[in-house]
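Open the structure in a viewer and keep the selection panel at hand. The tour below goes from stop to stop, saying what to select and what is there.

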Amino acid sequence: MKGKKQLFRFSFTVLLLVILTFCFTGSAFAEDREPEGELEYWSEDSEVAASIMEFVAAAVNEDSEGYIPEEDRIAVFDLDGTIIGELYPSYFEYMMFIHRALYDEDFTPSDGMKEFAQALEEGIKTGDMPENHERLHARYAGEAYAGMTMDEMKAYTKAFMKSKADGFENLTRGEAFYKPMVSLVNYLNDNDFTVFVVSGSDRVLIRGMIENVLPVPSDRIIGMSYNIEAKKQDGEDGLEYVYAPDDEVIRGRDLIIKTIKMNKVSVIAQEIGKVPVLSFGNSSGDVSMAQYTINNKKYAGQAYMLCCDDLEREHGNMKKADAMKETCQEKGFIPVSMRDDFATIYGDDVTVTDYEYDEASALEDIEADEAEEDPEEITKEDTFVEKEVPVFKKELTDDRISLRFYDKTPNIPYIGIKEFYDYVMKDSLDDRKETMTVTKEEDGTYTLESGHGKAGVDVDRDIISSEDMMDFRNIMCLTQKGIDSCYCDGLPYVRVSEVKTEGRDMERLNLGLYDIDIYGDDEDVYFPVSTLSAIFSDLVYHFVAYNGENFYFNTDSSCEDFTGLDPDYAKPILEGLGKDLKRPEDLTEYGFNEICFVVDNYYGLPGRAILNDEIKKKGLERALKDYGEAGEKTIELLRSENFAEYLFGFRMLQYFVDDGGHTRIDVMEFGDADMEEIKEETDKLAEEYESLFARVKKESEERNTGFDGYYARKKMRDDAYKGETYIKEGDTAVFVLDSFMGFDMQELKDYYESDDEDLKADSKTLKNDDMVYFSECIADAEDDPEIKNFVVDCSNNTGGSLDEVAMLYCLVTGKRELSVTMENALSGVKTTQTYEADTNFDRVFDEKDENGRRLNYAVLTSGNSFSCGNIFPSVMKDAGYMILGEQSGGGACAIEIVTTGEGIPFCMSTYSARILDDENEVIDAGIPVDSDLVIKRSDGKDKVITVLYDYEDEEGEKQTAELRSPDYSEFYDISRLSNEVNEFYE
């Protein structure tokens with residue numbers, strides 16, 4: 001063992017000769033101010049200590065070139081691994097969170113928090129940390145301490161500081177401060193440096209940790225921050241709520257910022273307002289802060305990085321230490337060797353020991369206790385009945401597929417993942433046959449390999465995971481040959497030419513958290529049909545379902561009619577109900593668990609839904625519970641054995657997740673099935689719970705655009721344009737496009753597969769295609785010398801196919817391609833896919849599809865321009881074209897179809913594709929206009945008028961509705977459009 005280093009009080013006089021080289025010579029030296037205080041616990045020969053003291057000596061000496069006025073002497077310190085140890089065995093905040101989630105008897109964690117805490121603890125033990133653990137910790141830590149006052153949080157922190165620092169003798173977690181660094185903070189403080197702690201750890205937690213240890217007041221602590229609210233605020237907006245006399249300030253759940261990497265620079269700029277002159281860190285999370293410091297344009301800043309290279313007095317890591325020293329050399333930072341520069345670290349009475357980590361071993365006892373409480377989980381029953389059932393694809397086929405019904409859950413259909421995949425991929429457009437291999441490993445787990453990627457399955461723990469789930473579950477070759485998982489409806493005049501992915505879609509689906517069993521044998525791995533359908537559901541509505549009679553496979557790029565596959569689809573579901581509409585017990589439990597699994601893992605978090613943020617943080621069940629009585633009643637309804645109550649629960653859930661049109665979770669569409677009794681029951685429930693759900697209904701309606709404006713605009717436009725779709729007046733042409741669904745897929749396929757070279761694409765050949773008609777209109781306008789402007793009217797466009805958006809964009813701009821970027825709402829993976837368009841419809845994608853354009857093009861939008869009606873103005877605005885009318889209604893997510901436990905399909909915003917603009921911002925809030933055409937009152941507010949709208953009711957009787965709507969008449973005043981467009985392009 002190396003000899004013990006001498007504790008050394010580093011005084012300024014020892015450095016006198018060195019400092020002379022940095023100061024003015026001659027008599028001026030006698031007037032220099034010497035730094036105050038002492039730098040303790042550093043090695044006597046430490047060049048790093050010398051450089052720090054040299055810097056301070058110059059900074060405090062007014063006659064020095066390195067002088068820094070007191071108000072600018074800003075020093076910033078990271079905390080974990082810089083001032084306090086982070087290897088006992090991990091960050092203080094991680095260990096306290098694990099204690100809170102797993103071992104605090106006075107706290108009950110959510111299922112998601114518990115699962116993550118267990119995975120984090122296991123990762124600390126093994127060194128294999130969970131994917132996205134920093135983000136997940138930030139999320140669940142907010143939940144773990146929510147509701148605490150600041151003093152309660154500090155007290156909790158101080159209590160945990162008394163626990164033993166694992167891997168050390170004679171050291172508690174609260175004593176694990178690096179003595180040389182504490183001395184350094186004191187030294188800088190004595191010399192009138194303003195010291196800030198800038199850490200990725202929780203701000204309030206740090207305040208508790210360093211109180212009475214460091215001379216850093218609480219207002220100089222910058223750390224990970226959460227929202228703060230009043231105890232009685234109960235979700236009310238802070239602009240409205242008034243703090244009560246008997247109120248208290250408590251922690252909220254919402255993360256404001258995780259202060260690592262670039263975020264450290266951001267908070268320094270925001271909260272300090274000056275560039276530091278000294279920076280101290282230890283990891284890649286501190287590099288941005290260090291670079292910011294040495295980039296100081298006013299003073300010569302210095303940055304220091306601790307390298308944990310001591311293998312005797314600390315649990316050092318030479319590989320990481322050497323890597324940090326290389327980083328310092330590359331970037332001009334000064335490395336601090338804990339081995340060479342520190343005379344002591346924690347004190348001579350502290351010794352390093354092997355890690356024991358008692359709490360980790362206690363986890364095994366917890367898991368064992370849970371297993372004893374749930375013997376079925378240990379000895380999962382795997383006896384079953386197997387059925388061969390017919391397959392329905394557009395129509396009933398002669399195909400058969402095998403389903404299993406396990407004794408434990410006799411009413412839940414299971415399907416082998418290999419059989420599922422091989423059958424679905426029979427229709428693959430790729431040359432090779434798409435199949436899946438299933439390999440049972442020696443430890444009882446399974447390795448699955450599809451035509452595109454791999455996944456692992458642990459049937460004992462009911463977990464499926466993949467390092468790239470997007471590739472593993474890719475079935476898009478059903479739509480276009482050879483493409484990666486993406487967003488493409490398969491319209492023949494558009495193809496995806498390139499897909500670029502940024503990041504990896506690491507995914508771990510723990511079905512065990514939802515009490516959903518996975519089974520396996522020597523041949524295959526078996527999942528519930530609706531669960532597996534959700535896992536593989538893509539953006540063009542490929543999904544499977546079982547209705548109690550047939551196995552359904554949807555191959556159509558349409559979700560307009562949920563039960564349009566078969567008018568009799570729901571009859572077997574209803575016939576399977578017992579007396580008084582009673583659902584089977586196993587299906588009742590699974591049905592609720594399945595909807596929680598689907599929403600937690602696949603809901604797109606579009607932005608505007610009431611529970612958008614809460615679902616992201618806590619999951620659906622906890623989010624509903626925390627909402628209050630209406631949320632708790634929704635859970636009760638969704639868990640009901642009564643089918644009518646269950647369906648009504650979905651109707652109420654719609655309010656919580658409504659995003660303006662993509663999520664339609666109200667599963668009341670049943671084709672030709674007899675629903676009279678059920679509708680009577682749901683009508684009674686609606687009346688009974690009207691007051692209970694009034695608040696959430698109103699909140700949902702306020703967040704989502706209503707349709708009075710839609711019909712009012714339609715009436716105003718019909719009056720102005722006499723029902724015409726293409727209008728020319730003066731120097732302006734207008735084309736009305738109310739959806740991006742104006743195509744006949746079969747008609748298009750017939751044309752593109754035809755060998756008739758003389759067959760041309762026009763309004764006679766493709767009489768049902770909007771893009772063909774649009775291309776003719778745009779050609780007419782481009783050829784008309786009187787026309788200068790062309791307005792695409794999307795003011796009532798409620799969405800449709802992104803393929804059509806790509807085609808329209810290319811037709812308008814004259815370009816061949818459109819690139820769209822979207823993000824995975826859960827993993828953050830970004831995908832940019834490039835569409836190529838056959839704009840001349842000659843069935844060839846080539847340079848002839850690029851054309852010049854002379855006209856001024858603009859897009860007219862409104863609050864009802866939704867989904868693709870929102871994406872089109874987004875890509876046009878990014879390209880520099882004019883948007884006018886009213887800010888569009890949003891809608892950033894694509895749609896995927898999933899099913900209930902019974903097999904009833906519904907659709908929702910998908911997590912896998914949220915559209916971004918060219919600044920990587922989600923466009924759900926809508927696209928701002930360059931010119932607002934809504935008529936205003938004298939006070940600047942929208943003028944509201946009454947519009948009489950004629951329609952036919954369900955019985956065919958003519959009715960008139962009085963609609964209250966803003967005055968949109970100038971949307972359809974072509975002279976006004978002409979003036980606005982001309983002015984924009986001048």
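Helices here are DSSP runs of at least four residues, numbered from the N terminus. The model is a predicted one.

**Stop 1: isoleucine 595**

Select residues 585-602, which form helix H19, and pick out isoleucine 595 within that helix. Is isoleucine 595 buried or exposed? Its relative accessibility is 3%, and buried means under 20%, so isoleucine 595 counts as buried. Now show what surrounds this residue. With neighbours within four places in sequence left aside, isoleucine 595 is in contact with Leu620, Phe650, Leu653, Ile665 and Phe906. Add serine 530 to the selection: 65 residues separate serine 530 from isoleucine 595 in sequence, and their C-alpha atoms are 10.0 Å apart in space.

**Stop 2: the second largest cavity**

Keep serine 530 selected, since Ser530 is one of the residues that line the second largest cavity. The others to add are Ile412, Pro413, Pro528, Val529, Ala545, Tyr546, Tyr590, Thr899, Thr900, Gly901 and Gly903. The space inside this cavity is about 70 Å³. Helix H17 (529-536) and strand S23 (543-546) each supply at least two residues of the lining. Colour the lining of the second largest cavity by residue type, and the result is seven nonpolar residues, five polar and no charged.

**Stop 3: the largest cavity**

How many cavities of 30 Å³ or more are there? The count comes to four. The largest cavity holds about 190 Å³ of space. Its lining has 20 residues, and Met470, Ser485, Cys486, Leu539 and Ser912 are the closest to its centre. Strand S29 (830-837) and strand S33 each supply at least two residues of this lining. S33 gives the most, with three residues. By type, the lining of the largest cavity divides into ten nonpolar residues, seven polar and three charged.

**Stop 4: threonine 910**

Stay with strand S33, residues 905-916, and select threonine 910 in it. Threonine 910 has a relative accessible area of 0%, so this residue is buried. Which side chain does threonine 910 meet in a polar contact of 2.7 Å? The partner is the side chain of glutamate 896. Once neighbours within four places in sequence are set aside, the contacts of threonine 910 are Leu539, Tyr602, Tyr603, Gly604, Cys893, Ala894, Ile895 and Glu896. Leu539 also appeared at the previous stop, among the residues closest to the centre of the largest cavity.

**Stop 5: serine 700**

Select helix H25, residues 694-703, and find serine 700 there. Serine 700 is at 2% relative accessibility and therefore counts as buried. Beyond four places in sequence, serine 700 is in contact with Ile610, Tyr655 and Asp658. Glycine 660 is 40 residues from serine 700 in sequence, while the C-alpha atoms of the two are 9.1 Å apart.

**Stop 6: arginine 717**

Go on to helix H26, residues 708-721, which contains arginine 717. With a relative accessible area of 6%, arginine 717 is buried. Its contacts, apart from neighbours within four places in sequence, are Lys722, Val736, Asp738, Asp793, Ser795, Asn796 and Tyr972.

**Stop 7: helix H27**

Select residues 745-752, which make up helix H27, and highlight the buried residues Met745, Glu747, Leu748, Tyr751 and Tyr752. Why do these residues lie on the same side of H27? They cover an arc of only 165° around the axis, which puts them on one side. An α-helix has 3.6 residues a turn, so residues three or four places apart point the same way. Now look at the N-terminal end of H27, which aspartate 744 caps. A side-chain oxygen of aspartate 744 lies 3.1 Å from the backbone nitrogen of glutamine 746.

**Stop 8: the second largest pocket**

For the last stop, select Glu86, Leu87, Tyr91, Ser283 and Lys320, which are the closest to the centre of the second largest pocket among the 46 residues that line it. This pocket holds about 1,400 Å³ of space. The elements that give two or more residues to its lining are helix H3 (92-103), helix H4 (111-126), helix H5 (133-145), strand S5 (194-202), strand S9 (302-307) and helix H11 (318-331). Which element gives the most? It is H11, with five residues. Coloured by type, the lining of the second largest pocket shows 17 nonpolar residues, 16 polar and 13 charged.

Conventions:
Residues are numbered from 1 along each chain as its sequence is written. This is a predicted model: local features need pLDDT of at least 70, side-chain atom pairs count only at pLDDT 80 or more; totals for chains, interfaces and linings use all residues. Side-chain values use heavy atoms; hydrogens and water are left out. Buried means under 20% relative accessible area, exposed over 50%, partly exposed in between (1.4 Å probe, protein chains only). A polar contact is a pair of N or O atoms within 3.5 Å; within protein, one must be able to donate a hydrogen and the other to accept it, and residues adjacent in sequence count only if both atoms are side-chain atoms. Contact means heavy atoms within 4.5 Å. On a 1 Å grid over the protein atoms alone, a cavity is a set of points where a 1.4 Å probe fits but cannot get out, and a pocket is an open set with protein on both sides within 12 Å along at least five of seven lines; lining residues have an atom within 4 Å of a point. Grid points are joined across faces, edges and corners, and a volume is the space filled by probe spheres set on the points. Ala, Val, Leu, Ile, Met, Phe, Trp, Tyr, Cys and Pro count as nonpolar, Asp, Glu, Lys and Arg as charged, and the others, Gly among them, as polar. The arc is that of the directions from the helix axis to the C-beta atoms.
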